[in-house]
Structures are given as C-alpha cells and as structure tokens.
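Subject: Structure handover

Hi,

Here is the structure I promised to pass on. Have a look at it first, and then read on for what I found.

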Amino acid sequence: MAPEKMVHMANQIAVFFRSQPGDDQAERVAAHIKDFWEPRMREQLRAYIADGGEGLDDLVHRAALSL
Amino acid sequence: MTATMGLDDRDMGTPAREGAPVRLTIDGFSVTVPAGTSVMRAAAEVGLSVPKLCATDSLEAFGSCRLCVVEIDGRRGTPASCTTPVTDGMVVHTQSERVRKIRKGVMELYVSDHPLDCLTCAANGDCELQDMAGAVGLRDVRYTPGENHYDPSGTGARSQAEARLRMPEGEANPRYIAKDASNPYFTYDPSKCIVCSRCVRACEEVQGTFALTIEGRGFDSRVKAGAASDDFFSSDCVSCGACVQACPTATLQEKSVAALGTPTRSVVTTCAYCGVGCSFKAELAGDTLVRMEPYKHGKANRGHSCVKGRFAYGYASHKDRILSPMIRDSVDEPWREVSWDEALTFAAGRLRAIQERYGQKSIGVITSSRCTNEETFLVQKLARAVFGNNNTDTCARVCHSPTGYGLGQTFGTSAGTQDFDSVEHTDTVIVIGANPTDGHPVFASRLKKRLRAGAKLIVIDPRRIDLVRSAHVEAAHHLPLRPGTNVAVVTAMAHVIVTERLYDEAFIRARCDWDEFLHFAEFVSDPARGPEETEALTGVPAADLRAAARLYATGGNGAIYYGLGVTEHSQGSTTVMGIANLAMLTGNIGRPGVGVNPLRGQNNVQGSCDMGSFPHELPGYRHVKNADVRAIFEAAWGVPIDPEPGLRIPNMLDAAVGGTFKGLYCQGEDILQSDPDTKHVASGLAAMECVIVHDLFLNETANYAHVFLPGSTFLEKDGTFTNAERRINRVREVMKPRNGYADWEVTQRLANAMGAGWSYTHPAEIMAEIAATTPSFAGVSYELLDEKGSVQWPVGDASPEGTPIMHVDSFVRGRGRFIVTDYVATDERTGARFPLLLTTGRILSQYNVGAQTRRTENVAWHEEDRLEIHPHDAEVRGIEDGDWVKLTSRAGETSMRALLTDRVGPGVVYTTFHHPRTQANVITTDFSDWATNCPEYKVTAVQVGLSNGPTDWQEDYTAQAERSRRIIAAE
Ligand code: SF4
Ligand code: SF4
Ligand code: SF4
Ligand code: FES
C-alpha cells in the first residue's frame, strides 16, 4: 500500500480514539489495528515506524509499542 | 388459476381487520370474525364467495359495482356486502332470488359495453368479468349495441374481431380509445375497462404515486394516466404494476401474458434486487416464466412490489448471458470456451501454484451480496478451510460495513432493530442518507401510506429526494446538509435533545450505561456542537435543525431509516453510532414503531455479512481471534483456522499492486465497476495472475480475468436471502440452471478441484451446517422456512420462531453504550481546483451497476447516467441542460450529460453509477471510513466544465473492454 495511504488510514483511527474518554486511547488504537489490519499491513506499519514514522499521529506511534 | 403450494391466497374481497370477535350467520353457516370485517370477507372465511368486481382484498372497499349485494334479516334493501361491516347476530343471505336478479342485471349492463372477444383475449382464463358472468349465470345480453367504448368501427359489432372486418376508413367510433402500449411491460386497453377504479385505488393506496384518475362522469368516465397529453409512460407512473395486478379485466395487462398465455403453475420465491426482499409468486407455463406476482403473504412486501422485481427479470434469458466456462492464459488473449472440468482444473492449478510461489495468503475470495446465504457461506469457507487464510470480503464492504461496526459497538449486534411492519406504528420518521422511493421502493410505499395517515417525516439529505414533497406527502423538515457533515448534524441533534432536556431519562437509566451517558451529555452540550455554531459548516439552518430534533424527541414513536448516504463516508461508522445515540437518548428502541433501520442496498447484504464474509469475522460476527469460535469451525471442517484477520477488498488491491496478492475468486460482483478509484482497481486486477470471475455476464471485472465460470440466476437455484429486517426468506428453484449448475455447486466443484472433498447435495445441508455453527441461526432449517414462510434471526431456543424486534428488554450487548461522536472534516475538501462536491446515488428502474437491469426493458427509463447540477453552478460554467460535461477529481475524469435541477443545492453535484461507460468511479477517491475502509463514495471534490463528448479514457476503456471480451467458441 502506498505509505501516504497507510498513514492516512492509521491517523483516521487515531483521531477517532483520541475523542473517546479514558486514558487507554493508544491501547484502543492498537486493538483496532490488530482486529482489522491484516498482518502484512501491520508489518508495513511497524517497518514504517522503525524508519521514523513520518506523518503518523502521536497516538499511532504509542500504539505501535503494543502492536 | 395457478396452484400455489402452502398458504391460501384467495382474494378475500376486503382487507383483514383486527378487532373484537363478532359472530354472525351467513347462508346458515355460523362464522366469527374481527369487528370491522366486511360481510363479504366474513362470507369468504367460510368459503362462500359473493360475486364482486370493484372489491379486492388489497384495497379498501369502494362499493361501486353493486354486484356483491346481499340480503340481511331485519334490514331493508340489498346492501353491498363489501362495504357493510358485520354486526353480532347478523343473518345474511348471499344467494336469494332477489339478489341473483340484481346481479344478473348488473352484469348484463357491464357486458353490454364490453366486447365479446373472450376466446382471443389476453386475460382469457384469468378475468374476473368472465368469472362473474359465469357466477351470476349470465346467458344473454338483451341490449343492442348502441353508444359504446369497445367497437372501433361504430357499426354495432358485438366483438372487436367483428369490428375489424367491418372497419370503415378512419376512426368511426369517437368513444373508442386505442390501446396504450407505451409502458414496456403492460398495456392499457380502455375498450375493455369496466371503470371499477381498482387501478386508481391501487396506485393511491398501495403504491402511493397517484398517477391515475377517473376522468369524466357516468357513461363518459375513463381511467387516465397523468394529464391530458400523457400516456402511461410519460405520466408519473413508476411502473410498479399494482394497478395491473388489481385490474379484474384485460384492460391493464402484462405484455408477457399476452405473448405467452396464462401461467399454469407457480413457485414462491424472493426478489434478487434490493434489500426489501419482496416475496413473489413466479408464475410459469412449463419452464417459461410468464409473470412475477408479488406474494400477498410475503411479510416484507405484503403483496406489493416495484418495477424491478415484478418486471425486470428478462436478463435471465438475455443473449449476453455466458453459459459455457472459459479460460485464457493472459488477459490480452481472447477467451476460449472449455468444459467445466477443464476450467476448474485450470483454475485450481493456478491458485495452488500461486500459493506455492507467493505463500498461503496470496489468494482470496470476494463473496456476493446477490448470491444466497448458502453460496456465500461456501465461498468464505473456501477461503478459510481450503485456501487456509481469512482473505474473504464482500461488496458489503463498500456499502454497509460501518453499520456492522457502529451498531455492534453501541447495541451489540450488526443489524437493524425492526421489521418493516413496524413502520405502521411509527409517528415520526427520520430518513437520513437514503432515497427509499428509488432505492427501496416497496418500503417507501409502506412509509408513504403511514405518512398519509398522519406520521411526520424528517429528511436529512443533501438532495431534495422525492419523499420531501410528492403526492399527498410532505416532509415536516428537510435538512439539506453539505455532503460529509453527517456527524456534525447528528451530534447537533443530540445537543438539542440533551440541552433542552428532551431525553428519556428513565429509559437511559434502565437500559444504558449511565456514566457513559453523562460523559456523552457533557460532550454534546458543548455550544460548539450546537446547531447555531455548526450551521456554517453543515449548511443546515439552526432553527430547522432544532425543530427537527424536538419533533423526533417528542413526536411519539420515532424511527430512523438510513442508507448509504450515512455509511459511505470517512466518518461512516461514527454517524451510525451517532444515530444509535439518538435512538437511545429518546428511548426509541425495543418496541414496534421505533428503532434504527439500515436500508440495505443489495438483496442479500445482510446475509452476506451474517455468513462470515468479512476477513476478521467468522459467521455470526465473531472475531477470528477468539479461539473458542475457531474451535467450532475447526471441529466442523477438520482444518485449523487462521487467527489473524485477512485482507479487505481495498487491501487486496493494494497488496496486488505491491506484489503479494496474486489470485482472486470473485463471485457475482463487479468490483471494477462498483468500487471506488477505478484506475487503482484496474491496476490491482492487472497485477494478479489468476482472476476467476463467476457471474452471469462478462462484467467489467472480467476484462481482467483468466477464468470465467458461468453463474445461475436466482430463478435457477435453491437457497435463502436475508433482507434488511434480518428476515430469512426462501429462494426456490423455478427452472433448471441454464448454465448447468447452481452457484453453490460451482463453488463446491472448485473447492473439490483443490482437494476439499465437499459433498453437499442440496443447499438445505449447507443451512444445516450454518445452524450448527452459528448461534443466531441455530433454529433455522428449510422445514421451518417452508412452514413459517420466513423468520427473522436470531432464531434459537429463546426465540424459536424468530425475532421481529430486537433489544426489547435489554440490548444484545447488555447495556446500551453511548459513544461520543466528534465531527472530523473529511480530507476530501473543495478548493480552487475542485470547487464542487459530488455525491452519488441510484434510481428506481436501475439496480447497482446495472448488469441486470440494463439487460431488460427498464433501460426505457434510464438510458444514461446524468450529472445533476444546480442552475446557478451551471450558468457560471456556461452549461445548459443536456450538454456534455467533463467531471474531474484528483483521481481522474469522466464525462456525461448535464441535467440542470435545483434538487441539488449550489455547490453540490449528483450522479448515478448504473452504466459502465460513465465510469463514475473513475473520479471517486480512495478515502474511506476510518473503522471499516468503506469507501467514501458520497463525497468527492470535483470540477465540472463543458466537453465535446466522452473522454479519451472512456474511449480507451471501451476499446479495451471490447478487446478483452472476444470469445473463441469451442467446436
Ligand atoms: S404501475 Fe404503479 S405507479 Fe403506475 S399507474 Fe399502476 S399503480 Fe400507479
Ligand atoms: S383499468 Fe381495470 S382496474 Fe382500472 S377501472 Fe378499468 S377495469 Fe377497473
Ligand atoms: S427491487 Fe426491492 S422493492 Fe423492488 S420488488 Fe425487489 S425487493 Fe421489492
Ligand atoms: S364488489 Fe361490492 S360493490 Fe363492487
């Protein structure tokens, strides 16, 4: 998948969970990605983050720790 | 008449009533019926049919023909039995000398103005006038032909056959009106009309279109469609056929019956077009389908239908249908017709080779929302049990996946809460992002009937859909929001309900999580989320929004119906949650007349989702990560199930472009035409090494396919569809598959060519497997469906006959969950380059990508897709009605002709996507719903300008499509 598209999709998820109450938003982003993204996509996201993860929402960065 | 198995579907004369029991005696038989029942219906209940012409049980009695007169002890005269309600102790005589004489006289008058051409009439054997002449014992007509409507020659002929022999030059009888054959499916022959007005009443009461009137008085009365200059086709008639069905004579007659003769047998089955899921009697002579008649015991449609289900079945026998399997090594070669064995061996060999080379997860399937539950179940099973991965998705991805997510999160179940009958108990209806008169016509007719009886309507849609104002229906509020601002509007409504304290605290305390409510209430109470602050953004006047919110909260039973205008957005799932919030806030859940009701696009969208088509869910919406759920299927199928979610359709295409996804089995879907960003879909398909298309026609996706497996139509197989109300309805084999195999058999043969060893001999066995593995289907069997007609899931120990209304005492998930819905603007924004917002939809006569309806006479109503544009936007661009215009977005460009209309507001343009040449999806982008990847079809920033005709891309595309459709026939 084109990196910009992946970043866009991941950030959309982050934006939703940021609006939710509680202090577990990063976990919920991670859980959503685990539930819906196929391993190949998660792998691409991890690799992208390892490369600096430019443009990704901070919540996605934090979520990546538990991916 | 034709014999139908199962239920009695005699015409009882007048509609059923509910009321206290009333006991009376008719011709010596004692009968008990509900108060309000007519004497005619009561007589029919004991098998005594009173002669009748102007009455039929789909319409309120009218009492005009006087054929149904009876005598009642203690009453003077001879009252009409159709308009006389029963009373306790009444004693009725239906066959006295006196009434027999009256009836004979009435018939004699009718027949004196009717041609005696029965032997050659299209309705011969299916004509109530003929039947009644027999029933009353009419043996002679004593009147000599005088002034009449039937004799074109004006020479006193008694039959039209005779009149033709005597015909003078030119029109000789000024009262004679020639047949109107302008409608593609039926004719109107005024010379045979008895002016019973059943057609007029059917158009009003059943369909709600009011296209017909009775013109003139007395002997001069005529039925008229539209205004003086109109014929049927140019009038407001939407060709639903209700009038044709109601007509007792050959005056309104199906052309198919005129051509083929009266049917001799019938089979009850389910429409394969939209999510209403109407039941039909398919009426046949031998294996020739003569007519589709809506089935009056069908619980979704109650005897009504639209033009698609009733008339648009011609595609099943269209010459374009492919009946022989075909293969080719590469997509630039012509197709080669081969045997089934060769095609399946070729396909299986390629898929296995791809898996060996690129890995187990390099292939996948797409299930179809047009195929049966059983077929869909098998296709996802093919991926999970034979391919060994979860790469299964369905076109529901591109329409209602946010419904699954949003309602799952809030209520705990991925489905609508009501049955369609519920609308009869509604007081206030919100229709949001749906256009029922075009998309779900029979539901629209039922809704309009309720609106005419006084229910209030709120429409939330960028476009002024027909429901906003049509005959005898007017919305109390139309909120014409800017495309993409659904969440802001729905949240603003919650703001009004919370801040004005219009919410149902008792319900919320009893049924929902109170802490989550408090948080939600605080969130929506922020003035920034109120209608005044968001007006500039949404374009909805704050006062209107406030009034609408108040009406929904306080106007009695409130029901919300929504469609793809809600789901197909970046925030589709969020809007679904927002809708669920509104229903919980106002306590509008868990009883008739309320609820949250997604209107599903295709016939089996609900079913295909239920059956585990999604890559993360096994049948019954259970995530593949759950070991206990996997264990059920591992035990049933004897193979391990992958615990990781598979690829969704857009992900498959991305992975194909990326080189890790190489093979696809696509059943009954046309992703190249229906999915967004056509160029991206095309490059994904082009990158695959084995694309298997299983369909009726060489669709657009087949341009990129290596294997074509011919499909069967819904008329040619057994199975079930699940409609938008969770109703599981039987699809029955009406004729043998023209391609040789039902679709489930084809999937089974493909699986077996890959070594699966499946041995289903009938779809009933597949249903048994579904019931054994999926709790919501636990009690479903073909026996139950044959007995009940249909049932709504969940069907199990707690609800052995199904569940018409969900969440009655508690939510499926326990407590209802309020979820805050923060509005986030889509990244698809207008600007200097693309200043207009494009939104898309559908029209009545066409269905989805049009593969079926384009191959029927329905094309008469929609030859091409048009771009609706506001006159102001058109003027500044120098565009006039009918001009070719080019539509450009950041994804691509296409062209079509313009239609100037103020149905869309300034800044918004609208089109349909029924024709492949238009390629509306060339311009839609790859933005999608945040939770489910459901594409954002409903908002694309575009520019519109004059053009000379089709774009280069459209012409190249057409040329490529033609090249790729070449076929070399087998010897
Ligand atoms: S076909 Fe339907 S819409 Fe048309 S006149 Fe008849 S009842 Fe009315
Ligand atoms: S067209 Fe048929 S239904 Fe209508 S008034 Fe004439 S006979 Fe009756
Ligand atoms: S298309 Fe829909 S409304 Fe029309 S007949 Fe079929 S199921 Fe009914
Ligand atoms: S059927 Fe009763 S008056 Fe016509």
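Before the first part, one term: two strands count as paired if DSSP finds at least two bridges between them. Also keep in mind that this is a predicted model.

**The barrel in chain B**

With that term in hand, start at strand E35 of chain B, which covers residues 908–912. One of its residues, B:Tyr910, is the bridge partner of B:Glu868. That link belongs to the pairing with strand E32 (residues 866–869) of chain B, where 2 bridges join the antiparallel strands. B:Tyr910 is also the bridge partner of B:Thr839. Here the pairing is with strand E31 (residues 836–841) of chain B, and E31(B) and E35(B) run in the parallel sense over 5 bridges.

E31(B) has another partner to look at: 3 bridges join E31(B) to strand E36 (residues 940–946) of chain B, and these two run antiparallel. In that pair, B:Leu838 stands opposite B:Thr940.

So what do these strands build? Follow the order E31-E35-E32-E34-E33-E36 in chain B and you trace a closed barrel of 6 strands, with mixed pairing. From one strand to the next, the twist averages 45 degrees.

Is E35(B) mostly covered or mostly open? Mostly covered: 5 of its 5 residues are buried. In a regular strand, side chains alternate between the two faces of the sheet. On one side of E35(B) you have B:Val908, B:Tyr910 and B:Thr912, on the other B:Val909 and B:Thr911, and both sets are buried.

**Two helix pairs**

Next, take a look at helix H23 (residues 649–658) and helix H25 (residues 678–686), both in chain B. Their axes come within 8 Å and cross at roughly 55 degrees. Angles from 35 up to 65 degrees fall in the oblique class, so H23(B) and H25(B) are oblique to each other. The crossing is left-handed. On the H23(B) side, the residues that meet the partner are B:Leu653, B:Asp654, B:Ala656 and B:Val657, while H25(B) brings B:His680, B:Val681, B:Ser683, B:Gly684 and B:Leu685. Sorted by class, this contact has 5 nonpolar, 3 polar and 1 charged residues.

The other pair is helix H9 (residues 340–358) and helix H26 (residues 743–753) of chain B, which pack at an angle of about 55 degrees with axes 9 Å apart. H9(B) and H26(B) are therefore oblique to each other too, but their crossing is right-handed. From H9(B), B:Trp340, B:Asp341, B:Leu344, B:Ala347 and B:Ala348 meet B:Val746, B:Arg749, B:Leu750 and B:Ala753 from H26(B). What classes of residue make up this contact? There are 7 nonpolar and 2 charged residues, with no polar ones.

**One residue to click on**

Finally, find B:Lys788 in helix H28 (residues 782–788) of chain B. Its relative accessibility is 25%, so B:Lys788 counts as partly exposed. Apart from neighbours within four places in sequence, B:Lys788 is in contact with B:Lys299 and B:Glu801. For a sense of distance, try B:His519, which is 269 residues away along the chain: its C-alpha atom and that of B:Lys788 are separated by 45 Å.

Happy browsing!

How values were computed:
Residues are numbered from 1 along each chain as its sequence is written. Chains are lettered from A and ligands numbered from 1 in the order in which they are written. This is a predicted model: local features need pLDDT of at least 70, side-chain atom pairs count only at pLDDT 80 or more; totals for chains, interfaces and linings use all residues. Side-chain values use heavy atoms; hydrogens and water are left out. Axes are lines fitted to C-alpha atoms, for helices over the stretch in contact, and angles run from 0 to 180 degrees between N-to-C directions. Helices (H or I, at least four residues) and strands (E, at least two) are DSSP runs, numbered from the N terminus. Angles under 35 degrees count as roughly parallel, over 145 as roughly antiparallel, 65 to 115 as roughly perpendicular and the rest as oblique. A crossing is left-handed if the near helix is turned anticlockwise from the far one by less than a right angle, and right-handed if clockwise. Contact means heavy atoms within 4.5 Å. Ala, Val, Leu, Ile, Met, Phe, Trp, Tyr, Cys and Pro count as nonpolar, Asp, Glu, Lys and Arg as charged, and the others, Gly among them, as polar. Buried means under 20% relative accessible area, exposed over 50%, partly exposed in between (1.4 Å probe, protein chains only).
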